[in-house]
Amino acid sequence: MSRRPTLLIISHDVVGTRMAGPGIRYTHLARVLAKHVAVVLAAPNVVAREAVPPGVKVISYTPGVWGDLAPHVAEADVCLFQGDVAG
């Protein structure tokens with residue numbers, strides 16, 4: 001049996017109980033795509049895990065500290081993020 005592909009979604013915005021547009025969009029994307037692939041949602045700093053949809057693994061990272069994200073990028077089959085996150 002083959003494993004499900006893993007998608008890493010890297011949000012540049014907060015994911016929590018109070019979110020702006022980008023955080024809301026990333027959370028909804030994670031919820032919908034988790035029906036088809038394994039999803040890891042990365043968000044800056046502390047993440048309110050209660051805001052994350054069931055079936056979505058959530059991690060937090062410090063912006064600009066690539067060591068926080070490197071192991072998750074290495075494990076992912078696909079990464080989804082805005083260009084300025086890579087800068």
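Trainee: What makes the meeting of the arginine 3 and aspartate 77 side chains a salt bridge?

Mentor: A salt bridge needs a side-chain nitrogen of Lys or Arg within 4 Å of a carboxyl oxygen of Asp or Glu. Here the N to O distance between arginine 3 and aspartate 77 is 2.9 Å, so the pair fits that definition. The structure holds one salt bridge. Bear in mind that this is a predicted model, where local features need pLDDT of at least 70, side-chain atom pairs count only at pLDDT 80 or more, and totals for chains, interfaces and linings use all residues. Residues are numbered from 1 along each chain as its sequence is written, and side-chain values use heavy atoms, with hydrogens and water left out.

Trainee: Why is arginine 3 called exposed, and what is aspartate 77 called?

Mentor: Buried means under 20% relative accessible area, exposed over 50%, and partly exposed in between (1.4 Å probe, protein chains only). Arginine 3 has 54%, so it counts as exposed. Aspartate 77 has 41%, and therefore is partly exposed.

Trainee: How do you know that strand 1 and strand 4 pair?

Mentor: Strands here are DSSP runs of E with at least two residues, helices are runs of H or I with at least four, and both are numbered from the N terminus. Two strands pair if DSSP finds at least two bridges between them. Strand 1 and strand 4 have three bridges, in the parallel sense, so the requirement is met. As an example, isoleucine 9 has leucine 80 in strand 4 as its bridge partner.

Trainee: What makes strand 3 and strand 4 edge strands?

Mentor: The open sheet has four strands in the order 3-2-1-4, with parallel pairing. Strand 3 (56-61) and strand 4 each pair on one side only.

Trainee: Which residues touch the most other members of the largest nonpolar core, and what makes a set of residues such a core?

Mentor: A nonpolar core is a set of buried Ala, Val, Leu, Ile, Met, Phe, Trp, Tyr and Cys residues joined through side-chain atoms within 4.5 Å. The largest one has 14 residues, and Ile9, Val39, Leu41 and Val56 touch the most other members. Strand 2 gives the largest share, three residues. A second, separate core has eight residues, including Ile10, Ile59, Leu69 and Ala76.

Trainee: Which residues does valine 56 touch?

Mentor: Contact means heavy atoms within 4.5 Å. Leaving aside residues up to four places away in sequence, valine 56 touches Ala30, Arg31, Ala34, Val39 and Leu41.
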